[in-house]
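Reader: I would like a close look at a single part of this protein, namely its sheet and the helices that pack around it. Please go through it step by step and say where the model deserves caution.

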Amino acid sequence: MHTRDDIERSYSFGELAFSQIKGRGLAAAPRNYEIWYCYASGYHAELSDAVNLVLSEKGSISQDQLDTIYENFLSQSRMGEKIDVVGNRVMDEIGHVMTMIDSAAGQASAYGNDLAGATARLASVGSPEGVRTIIENLIRSTREIEANNKALEQRLKASRSEIKLLQDNLDAVRTESLTDPLTSLGNRKYYDQSIAKAVALANKAETPLSLLVSDIDHFKKFNDTFGHLTGDQVLRLVALSVKQNVKGQDLACRYGGEEFAIILPDTTLRAAVTVAEHIRRSVMTKELIKRSTSENLGRITISLGVAAFRPGDTVASLYERADRCLYAAKRNGRNRVVCETDPEAELKVA
């Protein structure tokens, strides 16, 4: 669901992206547009840093350099490649273990045959020397099987450690795929997955659920005035305030651009408003210092909307009410919290 402000912002980012492409004499290819759109919007801090590094060193950027940046930061295949690499290592490790198990099974079978043969020979042997020879062979076979079993045990222990490490790697890849790289909050994909589960649970268990959405006031103007790197600093500052005021099972996400969403399971509307107020005040108390010049840029503010789950709600209906409250807060002066029971929330956006 996209609000009118979302659409207007996307137009602005698109225009900035095309101006970069045209101004630098680049082809208006989808890859280039994606890179410069991310750069213009500030959605991808690492990509922006990579572009800025090339520009600062070279004064310009070539298509080859852009292709490299795309492959490093935007290629859809990179996450799949990481998973494939770990998956292949897991399969290799399992293959090694299965080979050793097959070998151990073959040795156990041979040992069983030795025992059976020894039993038959003992029944027919007539001299102490013959018995001694049979026993010595059995002792040698027993020692061999013990050594092989010990080697297998050690290999299995090593494999268990290796597979645990690979599992941790897979968990890290999964976390990376659900984390916004700029703010370290959950990304939009994480939000979509989490809110769907939360709404389903609230519907089934009839437990409280609240949704808080926030937007940085006048962020576009701030970004245009001080630049995207400072804009990124603003986003990190707001994310820090969000992290400091959520806990337990609360789920904080960067919904997109300068908008954040916090999912509050088992939380009533009144309690969610309290959380929103804490976040708003936390943001307002922080001063922003421009890193490159140590210039004090003053304070920033955010507006927040809060809605509570109602029986039969869908993800879309819950978000729509929270979003309506957010824009009521912006319409009524910004730097404030509006919940769905406030009179302002009943007024529709013109």
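Author: In this predicted model, five strands form an open sheet whose order is β2-β3-β1-β6-β7, with mixed pairing. The edges are occupied by β2 (251–256) and β7 (337–339), each of which pairs on one side only, and from one strand to the next the twist averages 20°. As general background, strands of a sheet pair through backbone hydrogen bonds, in either a parallel or an antiparallel sense. Here, the edge strand β2 and strand β3 (residues 259–265) pair in the antiparallel sense over five bridges, and within this pairing C253 has A261 of β3 as its bridge partner.

Two helices can be described directly against this sheet. Helix α9 (residues 228–244) lies across β1 (209–216), β2, β3 and β6, and it runs at about 10° to β3. Helix α11 (residues 315–331) also packs on the sheet, where it touches β1, β2, β3, β6 and β7, and its direction makes about 145° with that of β6.

Helix α11 in turn leads to a further helix, α7 (residues 188–205): the axes of α7 and α11 come within 10 Å and cross at roughly 105°. Because angles of 65 to 115 degrees count as roughly perpendicular, α7 is roughly perpendicular to α11. On the α7 side the contact is made by Y191, I195, A196 and V199, and on the α11 side by V315, L318 and Y319. By class, the residues of this contact divide into seven nonpolar, no polar and no charged.

Away from the sheet helices just described, another helix pair offers a useful comparison. Helix α2 (residues 30–41) and helix α4 (residues 63–73) pack at an angle of about 70°, their axes lying 10 Å apart, and they are therefore roughly perpendicular to each other. Their contact is made by R31, N32, E34, I35 and W36 of α2 together with Q63, L66, D67, Y70 and E71 of α4; by class, it has four nonpolar, two polar and four charged residues.

As for caution, the protein averages a pLDDT of 82, and 86% of the residues score at least 70. Among the elements of the protein, strand β6 (residues 302–308), a member of the sheet, has the highest mean pLDDT (97), whereas helix α5 (residues 77–124) has the lowest (69). Where pLDDT is low, the predicted coordinates should not be read in detail.

Terms used: Residues are numbered from 1 along each chain as its sequence is written. This is a predicted model: local features need pLDDT of at least 70, side-chain atom pairs count only at pLDDT 80 or more; totals for chains, interfaces and linings use all residues. Side-chain values use heavy atoms; hydrogens and water are left out. pLDDT is the predictor's confidence in each residue, from 0 to 100. Helices (H or I, at least four residues) and strands (E, at least two) are DSSP runs, numbered from the N terminus. Two strands pair if DSSP finds at least two bridges between them. Axes are lines fitted to C-alpha atoms, for helices over the stretch in contact, and angles run from 0 to 180 degrees between N-to-C directions. Contact means heavy atoms within 4.5 Å. Angles under 35 degrees count as roughly parallel, over 145 as roughly antiparallel, 65 to 115 as roughly perpendicular and the rest as oblique. Ala, Val, Leu, Ile, Met, Phe, Trp, Tyr, Cys and Pro count as nonpolar, Asp, Glu, Lys and Arg as charged, and the others, Gly among them, as polar.
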